[in-house]
Amino acid sequence: MLGQWTLDSKAQAPLGQSQDNWIPLTKDQVHDPRGPGLSELQDPGAGLFELPPHQSGNRVLWAKALDRGAISPRRSLTPNESSKVQVLDMDVLLDLRGSMAVVRFPHKIHTQWLACDNCHDALFKSKVGETKISMYNILQGEQCGLCHGSVAFPLTECSFCHSVERPAPKWRMSQ
Amino acid sequence: MKRWLIWVVLGMSLVSLSAQGEYGDVVLNRYADKAGVRPVVFPHWFHRLRFTCNVCHAEGGFKMRAGSNDITMGEIVDGKFCGMCHNGEIAWSAEFCHRCHSGRPGLAGGFYGSQDPSGPSGGGDFYQRRH
């Protein structure tokens, strides 16, 4: 009966996954297992397992965690600075002529984490179409790939960005 | 979709299996090894639970480029870089050396636990991201 109970309770858990899905600090080959500070640090699994689950990156959907209020990270250290961060709710469609689904860039989620000058104008110009963005640059860790591949969800999630289906080509519609 | 792109992306997912460290971990080791202390491991996941990116990358002085920040203990104690929070007020102070200096000696600086954007050949046991 105990086994069944465990199964059921897992099935009913609204969010979350097993802490074993993350590598503990003592085994991650980055931390020194003999380091005297290690026992004072938190394992990623212990900090992340209750957040909305995902299969790549930190195994967490950060945008959803923020949206649901599961986390509420502080936006600034000084009141003066907090006036500089503001959310912009504007989507930009990109890669209009590519062969993959069209890319939707949502300003909203990005401005919930970042300030405008993190991107403008050093990484991206403030006018649509002024910056030539390519998958080649992104895969090199530039442009979108600066964060997506290091901190934000990785480049294996094609459909997160290529999310707007193109209308079917004419020849197919006539069939 | 271009064929080569599929292979690159597939390769990235394979490399990510062998990559170690939590996604977003950065090793800082310009000076640490040479000075005889363990390299510093900075966990993005732990900090982004508590602060948004702009706190460090706009309000604070952290340039968004692995290896581009020249950080010394003097500056940290002066309240710059990690010291803007690790000052005994917002977070515990710089006296807890081992919590930051927790890396394996000899580790190269850069990102660990990341997907390798340069594909199957660019990775290794660890993928380190440097520009």
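Here are some numbered notes on a predicted model with two chains, A and B.

1. Let's begin where the chains meet. On the chain B side, 51 residues are in contact with chain A, and on the chain A side 61 residues take part. Putting the two chains together buries an area of about 4800 Å². Carbon and sulfur atoms give 62% of that area. If you want residues to look up in the viewer, try Y23(B), W45(B) and R48(B): they supply 17% of the area that chain B buries against chain A, more than any other three residues. As background, the size of an interface is often given as the accessible area lost when the parts come together.

2. Chain A also has an interface within itself. The domain assignment splits chain A into domain 1, residues 1–72, and domain 2, residues 78–175. How many residues of each domain are in contact with the other? There are 10 from domain 1 and 8 from domain 2. The area buried between these two domains of chain A is about 600 Å², and carbon and sulfur atoms account for 67% of it.

3. Next, the sheet of chain A. Three strands make up an open sheet in the order 1-2-3, with antiparallel pairing. Strand 1 (91–94) and strand 3 (162–164) are the edge strands, so named because each pairs on one side only. On average, neighbouring strands in this sheet are turned by 55° against each other, direction ignored. For a closer look, follow strand 2, residues 102–106, which pairs with strand 3 over 2 bridges in the antiparallel sense. One place to find this pairing is V103(A), whose bridge partner in strand 3 is H162(A).

4. Chain B has a sheet of its own. Its 3 strands are arranged in the order 2-1-3, again as an open sheet with antiparallel pairing. Which strands lie at the edges? They are strand 2 and strand 3 of chain B, each pairing on one side only. From one strand to the next, the twist averages 30°. A general point may help here: strands of a sheet pair through backbone hydrogen bonds, either parallel or antiparallel.

5. You can trace the pairing in chain B strand by strand. Strand 1 (residues 25–28) is joined to strand 2 (residues 40–43) by 4 bridges, and these strands run antiparallel. Within that pairing, L28(B) stands opposite V40(B) of strand 2. Strand 1 of chain B also pairs with strand 3 (residues 110–112), in the antiparallel sense over 3 bridges. Here V26(B) stands opposite F111(B), while D25(B) faces Y112(B) across the pairing, also in strand 3. As you look at these residues, keep in mind that in a regular strand the side chains alternate between the two faces of the sheet.

6. Now a single residue in chain A: T111(A), which sits in helix 5, residues 107–113. Is T111(A) buried or exposed? T111(A) is buried, because its relative accessible area is 7% and the cut-off for buried is under 20%. A polar atom of its side chain lies 3.0 Å from the backbone oxygen of K108(A). Leaving out residues up to four places away in sequence, T111(A) touches R75(A), Q86(A), V87(A) and L88(A).

7. Some backbone details in chain A deserve a look too. Q29(A) has a positive phi of about 65° although it is not a glycine. Q29(A) is placed in the loop between helix 1 (2–12) and helix 2 (44–48) of chain A. With a relative accessible area of 36%, Q29(A) is partly exposed. D95(A) is not a glycine either, and has a positive phi of about 60°. You will find D95(A) in the loop between strand 1 and strand 2 of chain A. At 35% relative accessibility, D95(A) counts as partly exposed.

8. Finally, look at the peptide bond between H120(A) and D121(A). Is this bond cis or trans? The bond is cis, with omega at about -5°. D121(A) belongs to the loop between helix 5 and helix 6 (135–139) of chain A. Helix 5 is also where T111(A) is found, so you can use that residue as a starting point and follow the chain onward from there.

How values were computed. Residues are numbered from 1 along each chain as its sequence is written. Chains are lettered from A and ligands numbered from 1 in the order in which they are written. This is a predicted model: local features need pLDDT of at least 70, side-chain atom pairs count only at pLDDT 80 or more; totals for chains, interfaces and linings use all residues. Side-chain values use heavy atoms; hydrogens and water are left out. Axes are lines fitted to C-alpha atoms, for helices over the stretch in contact, and angles run from 0 to 180 degrees between N-to-C directions. Buried means under 20% relative accessible area, exposed over 50%, partly exposed in between (1.4 Å probe, protein chains only). A polar contact is a pair of N or O atoms within 3.5 Å; within protein, one must be able to donate a hydrogen and the other to accept it, and residues adjacent in sequence count only if both atoms are side-chain atoms. Contact means heavy atoms within 4.5 Å. Domain bounds come from an automatic or database domain assignment. Buried area is the accessible area (1.4 Å probe) that two parts lose on being put together, summed over both.
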